[in-house]
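The briefing below goes from the overall fold to one helix and then to one residue. It is meant to be read alongside the sequence and the model.

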Amino acid sequence: MFEKINIFLSRRRNWTIPYAIFLFIFVVVPLLLIGWYGITDADGKFTMENFSRFMQHTEALNTFIYSVGIAIITTLVCILLGYPAAWILSQKRFNTSRTLVVLFILPMWINILIRTLATVALFDFLHLPLGEGALVFGMIYNFLPFMIYPIYNTLLKMDQNLIEAAQDLGASPFQVFTKTIFPLSMPGVTSGIMMVFMPTISTFAIAELLTMNNIKLFGTTIQENINNGLWNYGAALSLIMLLLIGITGLLGGDGNKTSNDGGLI
């Protein structure tokens, strides 16, 4: 018996079985349930009414569009703030770079709800109103590290010989950045966009706390429908969210190709 166990464990592919079971139970099955509820009604009959209801429901459609706008603003600001920070952290000539990385990681050790409540307390202490501005600030504060780390890892692993080659060919610092460093760092930027854009749309706790529940995001709409027992309509909204995730993933699928195109030519 022990010999059979040893033979079983010696096969590398058998080690993937626990992960396959985990993915099936916690990823595949929930997705299938969402899909089933989304295309059926309360009686279990096939229908597309849930999707047509979303298109006809002006409030839900406007909330979706507004959420996309907030996500775009948050993502753009995170790129503008995160890329320079990632570049500074990746420079080996800064002896404190690893310490700074740890400082960026430290806030993530705290639960996102606690960080958001701290943001509410900060705005209250400064006598600043809670609303759209607080919402965008809270989104950037919570998701900025998710933009910095992928870019930082990409820049850190970048082949420095390519940069030196560009410099030897007479490229100016601006040309080195625009034609070598930035194209090669695009996989990290793409990953950062994925990690910031989608959670921003789907989150609801941050919007509720930082706007006193006066501004709703798409995640809030899904939560409200699920809490009210409207599983089918809520699942349809979730499918729309998954569709947006898929489109975003396809648009970012050329990141690795882009990274190979860097150069002076």
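Read along the sequence, this predicted model follows the pattern α-α-α-α-α-α-α-α-α-α-α-α-α-α, and its secondary structure accordingly comes to 14 helices and zero strands.

**Burial, contacts and surface**
- Of the 265 residues in the protein, 37% are buried.
- Among contacts with a sequence separation of 6 or more, 72% are made by residues that lie 24 or more positions apart.
- The accessible surface of the protein amounts to about 16,300 Å², and carbon and sulfur atoms account for 68% of that area.

**Helix α10**
- Helix α10 covers residues 186-202, and because a rise of 1.5 Å a residue leads one to expect a span of 24 Å for its 17 residues, the 24 Å that separates its end C-alpha atoms agrees with the expectation.
- The buried residues of α10 include Met-186, Pro-187, Gly-188, Val-189 and Thr-190, and further along the helix Gly-192, Val-196, Phe-197, Met-198, Thr-200 and Ile-201 are buried as well.

**Thr-220 in helix α12**
- Thr-220 is part of helix α12, which runs over residues 218-227.
- The relative accessibility of Thr-220 is 1%, and because buried means under 20%, this residue counts as buried.
- When residues up to four places away in sequence are left aside, Thr-220 touches Thr-203, Phe-204 and Glu-208.

Methods: Residues numbered from 1 in each chain as written. Predicted model: local features only at pLDDT ≥ 70, side-chain atom pairs only at ≥ 80, totals over all residues. Heavy atoms only, no water. Helix = DSSP H or I, 4+ residues; strand = E, 2+ residues; numbered from the N terminus. Buried < 20%, exposed > 50% of the residue type's maximum accessible area, 1.4 Å probe, protein only. Contact = heavy atoms within 4.5 Å. Areas by Shrake-Rupley, 256 points an atom, 1.4 Å probe, with all protein chains shown as cover. Expected span 1.5 Å × (residues − 1).
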